[in-house]
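This report concerns a single structure, shown below. Its topics are aromatic contacts, one open sheet and one helix.

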Amino acid sequence: MKLEVSVGKRLGAFTLEAAFASDGGVTALFGRSGSGKTSVLNAIAGLLHPERGRIALDGEPLFDAAAGVDVAVHRRRIGYVFQEGRLLPHITVRQNLLYGRRFAHGDGAVSLEKVIELLGLASLLERRPHDLSGGEKQRVAIGRALLADPRLLLMDEPLAALDAPRKSEILYYIERLRDEVRVPIVYVSHSLDEVVRIADTIVVMSEGRALDSGPLNETMARMELRPYLGRFEGGAVIEAHVGEQDLEMGLARLDFAGGALYAPDVDALVGERVRVRIRARDVSLATVRPEAISMLNVLPGTLKALGEGAGASIDVQIDVAGTLLLARVTRKSVAALGLAPGRPVYALVKAVAIDRHSVGWA
């Protein structure tokens, strides 16, 4: 499924001008509150009518200002999961799920039984919404949307109202949707933890504009986007697989093209693919291989680029056998070490810096 979005609209003092494309999987719209993420989602759904531009699914226009095309909401076959579950309060979970089936195109690609199994809903079927937790309500809302047989599923910050344990629970089920059902998802969030865990493509938004978009690992490593990804949370994303689980030490060895990373408490089996976020703030640099240090992760690479801008710190991009890492170091360190593009360096990463929020299934 290819999604193409190019829309413009004036909304009071706010102007939306966003353009991006996605080839399926999970596309995350990421940015601060008020950056226009939900407006883009509503334009795709048909709830907001742009003044100009085009929206197309697999080449089929859903909106085209120049051609006068604006497909009605109910004909777009797009599912929408809001921040709140918005379940029908007077009927059971089973009936809420079946209500979604009323909007399916034909028999639907996903059966009721599959949705119940996929989202762990079997024990909830006879309950009513007021008897559900926030996480359970969201699982039912996702199931109802899936049973409408959507070509595309939109999720507008579905974890915003949940506590940390419930967020982790729902992310697990979204990962299952991504990997097993393969319904394309456009996911709105201002949390990098969520985006890094589930997204294939990221669209970085600010003040109504899509600043950049592309594959998650490539886009996250672009230094020019660091101000928009968060001063302390930005960094690179590495695709890896579990090479070893040392149960005695509680460490996993995560192998990738540039070498190996050690990380604690990785909940994955040997051979499984994972993605790892390495925050720029957690990467130190050395010009010679250090000895007798506590850091387990010492990765040889080549300094590719130095960031720009004022201030005491600077971003450094390192090429580790084709995998890009970011480090945030002081300008004093850059001068003292003579750091410059082309210089061989060692990237040092503490294993304990790769916490449970930094590793997800790829």
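The paragraphs below describe side-chain geometry and secondary structure in this model, which is predicted.

**Aromatic pairs**

A pair of aromatic rings is described by the distance of the centres and the angle of the planes. With centres required to lie within 6.5 Å, the count for this model comes to three aromatic pairs. One of them joins Y80 and F82: the ring centres are 4.1 Å apart and the planes meet at 5°, so this pair is stacked. The cut-off behind that label is an angle under 30 degrees. Another aromatic pair is formed by Y99 and F103, and its arrangement is edge-to-face. Here the separation is 5.3 Å centre to centre, with 70° between the planes; an angle over 60 degrees counts as edge-to-face.

How exposed or buried are the residues of these two pairs? The table gives the relative accessible area of each.

| Residue | Relative accessible area | Class |
|---|---|---|
| Y80 | 16% | buried |
| F82 | 23% | partly exposed |
| Y99 | 29% | partly exposed |
| F103 | 51% | exposed |

In the stacked pair, Y80 is therefore classed as buried at 16%, because the class requires a value under 20%. Its partner F82 is partly exposed at 23%. In the edge-to-face pair, Y99 is partly exposed, whereas F103, at 51%, is exposed.

F82 has a further contact. R86 lies over the face of the F82 ring, at 3.9 Å from the ring centre. F82 is thus involved both in the stacking with Y80 and in the contact with R86.

**The open sheet**

Five strands make up an open sheet with antiparallel pairing, and their order is β16-β20-β17-β18-β19. Which strands form the edges of this sheet? They are β16 (283–286) and β19 (323–330), each of which pairs on one side only. On average, neighbouring strands of the sheet are turned by 45° against each other, direction ignored.

At one edge, β16 pairs with strand β20 (residues 344–349) in the antiparallel sense, over four bridges. Within this pairing, A286 stands opposite Y346 of β20.

**Helix α1**

Helix α1 spans residues 37–45, and eight of its nine residues are buried, so the helix is largely enclosed by the rest of the structure. The buried residues are K37, S39, V40, L41, N42, A43, I44 and A45. After α1 comes G46, whose phi is positive, near 95°.

Terms used
Residues are numbered from 1 along each chain as its sequence is written. This is a predicted model: local features need pLDDT of at least 70, side-chain atom pairs count only at pLDDT 80 or more; totals for chains, interfaces and linings use all residues. Side-chain values use heavy atoms; hydrogens and water are left out. Rings of Phe, Tyr and Trp (its six-membered ring) pair if their centres lie within 6.5 Å; planes under 30 degrees apart count as stacked, over 60 as edge-to-face and the rest as tilted. Buried means under 20% relative accessible area, exposed over 50%, partly exposed in between (1.4 Å probe, protein chains only). A charge sits over a ring if NZ of Lys or CZ of Arg is within 6 Å of the ring centre and within 35 degrees of the ring normal. Two strands pair if DSSP finds at least two bridges between them. Helices (H or I, at least four residues) and strands (E, at least two) are DSSP runs, numbered from the N terminus. Axes are lines fitted to C-alpha atoms, for helices over the stretch in contact, and angles run from 0 to 180 degrees between N-to-C directions.
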